[in-house]
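Got your viewer open and a selection box ready? Let's walk through this one stop by stop.

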Amino acid sequence: MALGAMQHWLLRVTSLIDHAEREHPTREIVSAWADGSVTRTNWQEVARNARRMAQALEAGGVGRGERVATLAMNHARHLTAWYGACGMGGVVHTINPRLFPDQLTYIVNHAEDRVLLYDALFAPLVEKMKPHWPTIETYACFDPPAGWSGDVAFEEWLAPFDGDYRWAEGDERDPCGLCYTSGTTGNPKGVLYEHRSTILHAMAEVSPDVMGLSARSVALPIVPMFHANAWGLPWAAPIAGCKLVLSADYRPERMCALFRDEGVTHSAGVPTVWIEMIAFIERTGADLGPLEQVVIGGSAAPRAMIEWLRARGIAVGHAWGMTETSPIGTIGAPPANWGEMDEAAQVAFISRQGRVPFGVELRIVDDEGRVLPRDGEASGRLQIRGPWVVQRYFKAEEDAVDADGWFDTGDVAILHPDGTMQITDRSKDVIKSGGEWISSIELENAALGFPGVLEAAAIGIAHPKWDERPLLCVVRKPGAEVCPDALRAHLAGQVAKWWLPDAIEFVDDLPHTATGKISKKQLRERFTGYAFAGTEAMTGRD
Ligand code: AMP
């Protein structure tokens, strides 16, 4: 059959920056730097500097498809570097500076990075790692302080180039981004984003039931650009032409000042970020300015957090996703009957992880791979497919999906008849008691609703009779007292009796992963050999 007769317009990320440059040239990009200073640029300047950077890369001999790495927090130069690297046909590899040195050695060598652009903050790390990174030929520092004698400054590196450059042409399925997952076992795995997958994801992201971005929005991602591309916001923002506020500093006092001074309407971050923000605001009485909507994801958003934000008139979008899903998989946009739901029903709805936007599909399966019903009761392994979901990890020999394209997320979830998805656990973290599963997320959520509880994590401890029983680890708010019996009584009102933890341990802190999630693996290690009163210590799983 003959093709249709419409234009073959390739979906390449350069069209994002071209659009913003043409249609929203003076809309601001604000950078809040770690030293406290603030600088301003706009889409037009970012586009021009990205073309200069593409010239610098070509002059440096970087070829199409080769990797240009960044080790940096959020700021406009980092944004420029993304579009510059993709614009010359390269691939931006965003490195998480919180990874361990052996992981950093592995991923840079696996990616065969040719260039590294980094923040001065990470200069000591870069100097230490240089001998282990033989593929990198060019280093440049985004923000050298006065008196710097290290690698070339980013702006100096661009200085010889005039920006008279035509973006590289290529296929829409060419790679444009690379992000490694900080997997808990084995080597990190690289997810290689494409121009097309990135654009489709960005188009979905701006839509009303996802992030709802418009030319009037002012977006401040409190999620680093190395964590699943700051959840895609630097790609989505130019579509809407919104103002972007990028901060290298996530301290709550800085965030609140930016919310107010820059008129931030949309923000996004992991729960730990909001825990700190809420504690700060409660302590100081600071306000959130004109903030309208926050997206919370990366770990389950506790109910108490959702209620706190809603009480201040802020809509909460609870999102679930993974590096492998670009990252948006689901988000809790209000359904058609929202207006008929009371406060409790709305909060219960948002506490789940939301529904899929057009483009991705979800299902749950049992251990034999049989598809389970969307009945709000069956719980199984969550699988996802769609054009912005990984097909195969970078340089892997085999696909990461089954013959029908389903990617197994490693999460355990329930699908509800209204289309919402509810994560009950990471499959590695489920607590198996007497042949049944206890949802650590539900337990933690219930604990976080108790006054004085700052953070909570439930893990399974080996038990002679039940296989495993839950141990609840609690961090108290500064200066707060928490009576274990009262907490237990509170939990008893929220979860099934057999889910109640066999013990509650108060701890000073909980271990976090490189992306701010509670590390259950490390927590289990901390409690290796732990025994509930009246039982003997048994060998755990890890
Ligand atoms: P990462 O690729 O590092 O962003 O991690 C992805 C994983 O984070 C998912 O597979 C989930 O286990 C977890 N995750 C992300 N969002 C949520 C959420 N809203 N609720 C519970 N877990 C989440």
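Start with the cavities, and keep in mind that this is a predicted model. Select Met211, Leu213, Ala219, Leu220, Pro221, Leu233, His266, Ser267, Ala268, Gln293 and Val295: together they line the largest cavity. What mix of classes do you get in that lining? Eight of its residues are nonpolar, three are polar and none is charged. The space inside comes to about 50 Å³.

Now colour the strands around that cavity. β10 (218-221), β12 (266-269) and β13 (293-296) each put at least two residues into its lining. The whole structure has three cavities of 30 Å³ or more, so there is another stop to make here. Next, pick Tyr193, Thr198, His201, Asn229, Gly232, Trp235 and Ser326, the residues that line the second largest cavity. This cavity has a volume of about 40 Å³. Colour its lining by class and you'll see two nonpolar residues, five polar ones and no charged ones.

Keep Ser326 selected and add the residue after it. A cis peptide bond joins serine 326 to proline 327, with omega at about 10°. Most peptide bonds are trans. Proline 327 sits in the loop between β14 and β15 (328-331).

β14 is also your way to the ligand. Select residues 315-321: this strand, β14, gives the most to the shell around the ligand, with four residues. How many residues surround the ligand in total? There are 14, and the closest are Ala319, Thr323, Asp411, Arg426 and Lys517. By class, the shell splits into four nonpolar, seven polar and three charged residues.

Switch on distances for the polar contacts and check these:

- Threonine 323: one of its backbone N or O atoms is 2.8 Å from an oxygen atom of the ligand.
- Glutamine 353: a polar side-chain atom is 2.9 Å from a nitrogen atom of the ligand.
- Glycine 298: a backbone N or O atom is 3.0 Å from a nitrogen atom of the ligand.

Then put a surface on the ligand. On its own the ligand has 500 Å² of accessible area, and the protein covers 89% of that.

Time for a pocket. The second largest pocket holds about 450 Å³ of space. Its lining has 17 residues, and to find the centre you can select Trp9, Arg12, Thr14, Ser15 and Asp18, which are the closest to it. Which elements give two or more residues to this lining? They are α1 (14-23) and α7 (195-206). The largest share, six residues, comes from α1. Recolour by class and the pocket lining shows eight nonpolar, four polar and five charged residues.

One more backbone stop: go to glutamate 112. You'll find this residue in the loop between α4 (101-111) and β5 (115-118). Is its phi positive or negative? Glutamate 112 has a positive phi of about 55°, although it is not a glycine. Most residues other than glycine have a negative phi.

Finally, zoom out to the whole chain in cartoon view. There are 16 helices and 24 strands to scroll through. The radius of gyration is 24 Å, close to the 24 Å that the globule rule gives for 542 residues, so the chain is as compact as a globular protein of that length. Line the view up with the principal axes and the C-alpha trace spans about 75 × 65 × 50 Å.

Key:
Residues are numbered from 1 along each chain as its sequence is written. This is a predicted model: local features need pLDDT of at least 70, side-chain atom pairs count only at pLDDT 80 or more; totals for chains, interfaces and linings use all residues. Side-chain values use heavy atoms; hydrogens and water are left out. On a 1 Å grid over the protein atoms alone, a cavity is a set of points where a 1.4 Å probe fits but cannot get out, and a pocket is an open set with protein on both sides within 12 Å along at least five of seven lines; lining residues have an atom within 4 Å of a point. Grid points are joined across faces, edges and corners, and a volume is the space filled by probe spheres set on the points. Ala, Val, Leu, Ile, Met, Phe, Trp, Tyr, Cys and Pro count as nonpolar, Asp, Glu, Lys and Arg as charged, and the others, Gly among them, as polar. A residue is near a molecule or strand if one of its heavy atoms lies within 4 Å of it. A polar contact is a pair of N or O atoms within 3.5 Å; within protein, one must be able to donate a hydrogen and the other to accept it, and residues adjacent in sequence count only if both atoms are side-chain atoms. Accessible areas come from the Shrake-Rupley method with a 1.4 Å probe; for residues, only the protein chains shown count as cover. The radius of gyration is taken over C-alpha atoms; the globule rule is 2.2 Å times the number of residues to the power 0.38.
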